[in-house]
Structures are given as C-alpha cells and as structure tokens.
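Here is a short note for a colleague who is opening this structure for the opening look. The points below can be read alongside the sequence and the model.

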Amino acid sequence: MMHEVKLKQLIDDLPVSWTCKTDIPDITIRSIQFDSRKVNRGDLFVAMSGGSSDGHNFIQAAIANGAAAVVGTNEMQINGVPYIKVADSRRALAYLAASYFDHPAQKLTVIGVTGTDGKTTTSNLIYQILKAAGIKAGMISTVNAVIGDEEIDTGFHVTTPEATDVQRYLADMVKAGLTTVVLETTSHGLVQHRVTGCEYDIAVVTNITHEHLDYHGTYESYQEAKGKMFESLAYTLPKKNGNPRLAILNQDDHSFEYLSSLAIQNKVTYGLEGVGDLTAVDIASSSKGVDFLARGKGFEQKIHCNLPGKYNVSNCLAAMSAALGLGIDPQVIAQGIAALKGVPGRMEVIDLGQPFDAIVDFAHTPNALKRAIETAREMTKGCVITVFGSAGLRDRQKRRMMAEVSVQMANITILTAEDPRTESLDAILSQMADAAEAAGGIENKTFYRVPDRGNAIRLGVKLAKPGDLVISCGKGHEQSMCFETVEYPWDDRIAMRAALAELLHLDGPDMPVLPTS
C-alpha cells in the first residue's frame, strides 16, 4: 500500500467525461487495480476491454474482493459500490494512476524514446550521458526500471509497463530525489494509453520499420501510433524546471517525412554522413565498438561507443541530440557514451574460450536482423551462422522477410522456435523455409529447420569453424518463451553457454528445457 487518496479527488481530477448514477461518496481509495485477482479492500477497480478477456466480466469478483468503486465503459447497474462510466477505461486508468501518485511526471523532465529498433540501446545511452553530466536520472525500459541504486525487472514479455506501474515508478523517482527520467516508449504503450499522463518534454525516434503490423494493421497506422508521442509534446503542462517540447527526428529514416509533418514547434534532426543538424563522419567499426566524429552546430566531437555496428552510430546521434537539447556539453556526452559497456541481450558476446565468436542479440525484425548480420560481417572474416525464429500470433509478413534476409546475407541460417504461442511451430517454420528456398537457400546445406531452440543453438556452434561467428537472434534479454499460453523459462545467453560448454566439454549451465526438447 503506497498511500491513500479520496475517490472524489481522483474523479474530480479526471480530464475525461464521466457519468455516475449516484453521488461520488467520500471514501478512501487505497490502490488502483485492473486485475480483479489483485483487488483488496478499499481498491478502485478499472474494468478494461480488449485482448483475450473483458474486465467487465470480473466486476463482481472485484467487489467480492473488496473493491470500493468501479470504473468501466459499459452501461451497467451495479449495487453496493459506485460505478463510474467513461468512454475509454484505458485512458481513464492512466489519468487515475497519475492523479493517485500526485502527477509525478509534472515534477520530472521526461525524455521519451520510441522506434522499432534501438529503443533500449538509445535509452541506455541517454541515461549514461545524464549520469556523466551529474543529473539525477532514472530510466524505465522494456528490460528494467532504474531508480537510483535500485534496478527492477519490468517483466518477461513486456512492452511499456502498464500505466499504474509507470506512474508508480515515476513517483518512486520523485521520492528518491531524481529530476529526469528516460522512458522507453512502445507503440503499444502509446495506443493503449500506458504512457498517457507522462508529460513528455523531449521525444526521440530511432526508426520506424516493419513490425507489429498484426496489431496496427498497416505501416501507416503503426507510424501514426509512434507519432502520438510527438503530438503529445504540445499538451505537456509547464514545469518548474521548464519543458523544451523538443522532437528528435532521424533524417535517414522513412518516418522522417511523416513525423516532420506533425505540428511540432521545436525539432532537431540527426543522420549519417552529413545529413541532419547533428551528423556523423569518419565512421570506423570493429568488434570492439564504433568510432566516429560527431559534427553539430559550432562543434566537432570524437565519439567512441563500445557497441559494435554502424547502426549504433544512429543510436548515439539520437542520444546526443536529446542531451544537447538539455544543454549538456559535447565532451560530457562523449564520456557518457563511452561509459556504456553493453546492453543486456544486444550484441552480447558469450565467450567460454571457443575458437569462434558467439553472440546473442535481440534482433527480431527484418531491419534489425539485417543490421545484426552486417555487424557480424564487420566482426569476422569467417562464416556467419544465424539462429532465429519468428513469433506466433504476430506480424506474419516478417517470417518471409527475415528468412530472405538471412539466406541472402549469412552463410548458414538455422530456423527455430521463437514464441510460437498457439500457432503451429511446424507451420511457421514451413513458411520461413519456403521463403528461404525461394531466396536461393538450399535446405540442409545453407539453411536448416530445427524446431527446438536449444538444439538449434547446439547445431550452430557445432557447425562453426575457427574464426566463424554464431549469432542467436530474437530473444536477447528475454527470460521466457511462450508455447500455447504457457511461458517456459528461457534465456538465449544461458542456452548459448550451455551449448558451448557441451561442445568444449566444460562445466556449464544445463540447456533450458522447452516442450520441443
């Protein structure tokens, strides 16, 4: 229990229209919940529709558990507790959570980072720069939330955390004396109002490529979802520390034209090879990272990033642009970027003394896979062996595209499981194999089908010769894999270590077990 707030105060503070057939009673709310199973006496239950269930079906269960009041969208007659009807309960939940925690985002400088690929890396780069500048900063990403010395795992398969968690993290940051937060923001988080009420001051985009079309329907809708964060800059309330309402746009990306067309007052652009307000030249990439010269208005600054790959130059430029918008000196920015040693599951090297490179990366889109293989090519003169799959109940077009990319760019491709969920894994692999073959691949020679991901990684390291590189893509930092509706413990980094230990006859972790094992 965090604290208590009067229901009347929460409802009066709600910036959306609502109706209630009774007067709002003078009762105390002890917490806000959207899962009836987590409701305790004195809680406010918000019934949300969508996904696989409808929260309105669990209102009576919530009341039985002690809910003091209910918010929902359906026209209903409820006895015993006040029922507040709103047009959109997800939106209402976000504002209620912000109000319950006393609007913490209004007390912070909020830097939002969105995009298809590179969000987590860019968020971490900005966070390190802020620390180097002596700014008391926190971070909420799809990997973790960092509040002072505390690091909180934000879940297994998450996008942006739910609104109640986001607002609680922000409140904890205010309580800890932090002044700035980096908030990694997904398209789902924007459309589902998980970040509504977050009062963005700076909005950063990495890129918008092919992803989540299963949810958004079209690329244009996906782009519009990302654009919501930039449009929200106009509605950020004045803050004690000021709010720049600054948009950071990638001039190299397909999204640039659309985002530029939005009503944004202040914007800064970045791009490679002389394109944009902030640019990078003299780029040199190796297995130890990437070096370049950043060139902006009135300055040039040498930058070293420990993360390999030319695409990380773009991530660095995005982070630099945000930092420059806060008035941070370019030399301090360079120190912050160099301080980031790595990001969990992003081009993460696994070394047990094997005579070839082994890497785990989160690349799970066609664009990210292409960039990962390009980076792998920069890191080795030998063969590149990829291991990856494509998720069930998600964008089906990716399956074909990713298989084509890998067959055309890698020496050996191993197609395997990646969260098949309730879809047939064999059917997913068949679609990918057909695309691989159509792109010139030869099954059991240049590409393989191995349903069990553990065995797929084993095959990858077994096929690797001295000087080669094996890269397992798609899972990165994630801690589980979904078959049917069950999340099974899974970590690609543990699996890679297990496979290498077996190959080298060393003590090591056991290979995680999946239903395909």
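Helices (H or I, at least four residues) and strands (E, at least two) are DSSP runs, and they are numbered from the N terminus. With that numbering, Asn-444 can be placed in the loop between helix 14 and strand 23. The model is a predicted one.

1. Asn-444. The phi angle of this loop residue is near 70°, a positive value in a residue other than glycine. Is Asn-444 buried or exposed? Asn-444 has a relative accessible area of 56%, and exposed means over 50%, so Asn-444 is exposed.

2. Asp-282. A positive phi is also found at Asp-282, about 55°, although Asp-282 is not a glycine. Asp-282 sits in a strand, namely strand 16, which covers residues 278–286. Its relative accessibility is 60%, so Asp-282 counts as exposed.

3. The largest nonpolar core. This core has 56 residues. Which residues have the most contacts inside it? They are Ile-414, Ile-471 and Met-496. Helix 14, residues 425–438, gives the most to this core, with seven residues. Apart from the largest core lies another one, of 40 residues, including Met-139, Val-146, Ala-318 and Ala-319.

4. Ile-471. Not counting residues up to four places away in sequence, Ile-471 touches Met-347, Ile-359, Asp-361, Ala-372, Val-384, Ile-385, Thr-386 and Val-387.

5. Helix 15. This helix runs over residues 453–463, and its buried residues are Arg-453, Gly-454, Ala-456, Ile-457, Leu-459, Gly-460 and Val-461. What covers these buried residues? The cover includes strand 21 (384–388), strand 22 (412–415), strand 23 (447–449), strand 24 (469–473) and strand 25 (480–483), together with helix 16 (492–504). At the N-terminal end, helix 15 is capped by Asp-452. A side-chain oxygen of Asp-452 lies 3.2 Å from the backbone nitrogen of Gly-454.

6. The second largest pocket. About 600 Å³ of space lies in this pocket. Its lining is made of 23 residues, and Tyr-95, Thr-196, Gly-197, Ser-232 and Tyr-235 are those that lie nearest the centre. By class, the lining has 10 nonpolar, eight polar and five charged residues. Which helix gives the most to the lining? Helix 3 does, with four residues. Helix 3 (89–100), helix 6 (187–191) and helix 8 (219–231) each supply at least two residues of the lining.

7. Asn-250. This residue lies in strand 14, which spans residues 246–250. The relative accessible area of Asn-250 is 4%, and it is therefore buried, given that buried means under 20%. The side chain of Asn-250 reaches the backbone nitrogen of Asp-252 at 2.9 Å. Leaving out residues up to four places away in sequence, Asn-250 touches Val-205, Thr-206, Phe-256 and Tyr-270.

8. Thr-121. Helix 4, residues 119–132, holds Thr-121. Thr-121 counts as buried because its relative accessibility is 6%. Apart from neighbours within four places in sequence, Thr-121 is in contact with Leu-307, Asn-312, Asn-315, Leu-340, Val-343 and Arg-346.

9. Tyr-488. This residue has its place in strand 26, residues 486–489. How exposed is Tyr-488? With a relative accessible area of 28%, Tyr-488 is partly exposed. The C-alpha atoms of Tyr-488 and Leu-514 are separated by 6.7 Å, while the two residues are 26 residues apart along the chain. Leu-514 is also among the contacts of Tyr-488, with Gln-479, Ser-480, Met-481, Phe-483 and Pro-515, when neighbours within four places in sequence are left aside.

10. Lys-175. Lys-175 is found in helix 5, which covers residues 163–175. At 73% relative accessibility, this residue counts as exposed. Between the C-alpha atoms of Lys-175 and Ile-147 the separation is 9.9 Å, and these two residues are 28 residues apart along the chain.

Notes: Residues numbered from 1 in each chain as written. Predicted model: local features only at pLDDT ≥ 70, side-chain atom pairs only at ≥ 80, totals over all residues. Heavy atoms only, no water. Buried < 20%, exposed > 50% of the residue type's maximum accessible area, 1.4 Å probe, protein only. Polar contact = N/O pair within 3.5 Å; in protein donor to acceptor, adjacent residues only side chain to side chain. Contact = heavy atoms within 4.5 Å. Core = buried A, V, L, I, M, F, W, Y, C linked by side-chain atoms within 4.5 Å. 1 Å grid on protein atoms, 1.4 Å probe; cavity = no way out; pocket = protein on both sides within 12 Å on 5 of 7 lines; lining within 4 Å. Points joined across faces, edges and corners; volume = space filled by probe spheres on them. Nonpolar A, V, L, I, M, F, W, Y, C, P; charged D, E, K, R; others polar.
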